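Colleague: I'm new to this one. Could you pick a single aromatic side chain, look at it closely, and then work outwards until I can place it in the whole chain?

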Amino acid sequence: MFERFANPDKSLCASDFVLRIVKPPKTVVNHEKIRNLELVAYKLPAPYKASVVLETGIKEELLNKFKDENIYKKIEESLRSLSKDLEDI
């Protein structure tokens with residue numbers, strides 16, 4: 001499950017962002033049930049990206065996070081941070 005969107009803020013280095021819910025690696029305890037809410041920043045057309053895990057929990061818990069205004073602040077801060085990480089590339 002993911003959502004891709006182009007960066008509307010031209011002051012940021014990243015060209016695109018993806019917000020996705022992904023299953024963690026099999027080496028993670030309880031990997032069958034938990035999921036990560038991950039934000040990925042891309043610097044296209046170059047093949048560079050930076051990512052961060054924002055939250056971890058079962059899928060329903062992650063979807064419920066969007067009812068909390070704090071998640072949007074966390075996403076905005078992470079967008080800026082990931083874009084800054086791509087500036088050096």
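Modeller: Let's go with Tyr72, in a model that is predicted. Is Tyr72 buried, exposed or partly exposed? Its relative accessible area is 44%, and since buried would need under 20% and exposed over 50%, Tyr72 counts as partly exposed. It has an aromatic partner, too: Tyr72 pairs with Phe66. The ring centres are 6.1 Å apart and the planes make 55° with each other, so the pair counts as tilted, because edge-to-face would take an angle over 60 degrees. Phe66 is partly exposed as well, with a relative accessible area of 26%. If you search the whole structure, you find 2 aromatic pairs, and Phe66 with Tyr72 is one of them.

Now step back a bit. Tyr72 belongs to helix 2, which covers residues 69-86. What does helix 2 pack on? It lies on the sheet, where it touches strand 1, strand 2, strand 3 (34-43) and strand 4. Against strand 4, the direction of helix 2 makes about 155°.

The sheet itself is easy to follow: it is open, with 4 antiparallel strands lined up as 1-2-3-4. Strand 1 (2-6) and strand 4 (48-58) sit at the edges, each pairing on one side only. On average, neighbours in the sheet are turned by 15° against each other, direction ignored. Have a look at the join between strand 1 and strand 2 (residues 16-22): 5 bridges hold that antiparallel pair together. There you'll see Phe2 standing opposite Arg20 of strand 2.

Zoom out once more and you have the whole chain, with 2 helices and 4 strands. Starting at the N terminus, the elements go β-β-β-β-α-α. The C-alpha trace spans about 40 × 30 × 20 Å along its principal axes. There are 89 residues, and 34% of them count as buried. The accessible surface adds up to about 6,100 Å², with 53% of that on carbon and sulfur atoms. Take the contacts between residues at least 6 apart in sequence: 41% of them link residues at least 24 apart.

And how confident is the prediction? The mean pLDDT for the chain is 93, and 100% of the residues reach at least 70. Confidence is highest in strand 3, at 96, and lowest in helix 1 (residues 59-65), where the mean is 91.

Methods. Residues numbered from 1 in each chain as written. Predicted model: local features only at pLDDT ≥ 70, side-chain atom pairs only at ≥ 80, totals over all residues. Heavy atoms only, no water. Pairing = 2+ DSSP bridges. Axes fitted to C-alpha atoms, helices over the stretch in contact; angles between N-to-C directions. Contact = heavy atoms within 4.5 Å. pLDDT = per-residue confidence, 0-100. Buried < 20%, exposed > 50% of the residue type's maximum accessible area, 1.4 Å probe, protein only. Areas by Shrake-Rupley, 256 points an atom, 1.4 Å probe, with all protein chains shown as cover. Phe/Tyr/Trp six-rings, centres within 6.5 Å; stacked < 30°, edge-to-face > 60°.
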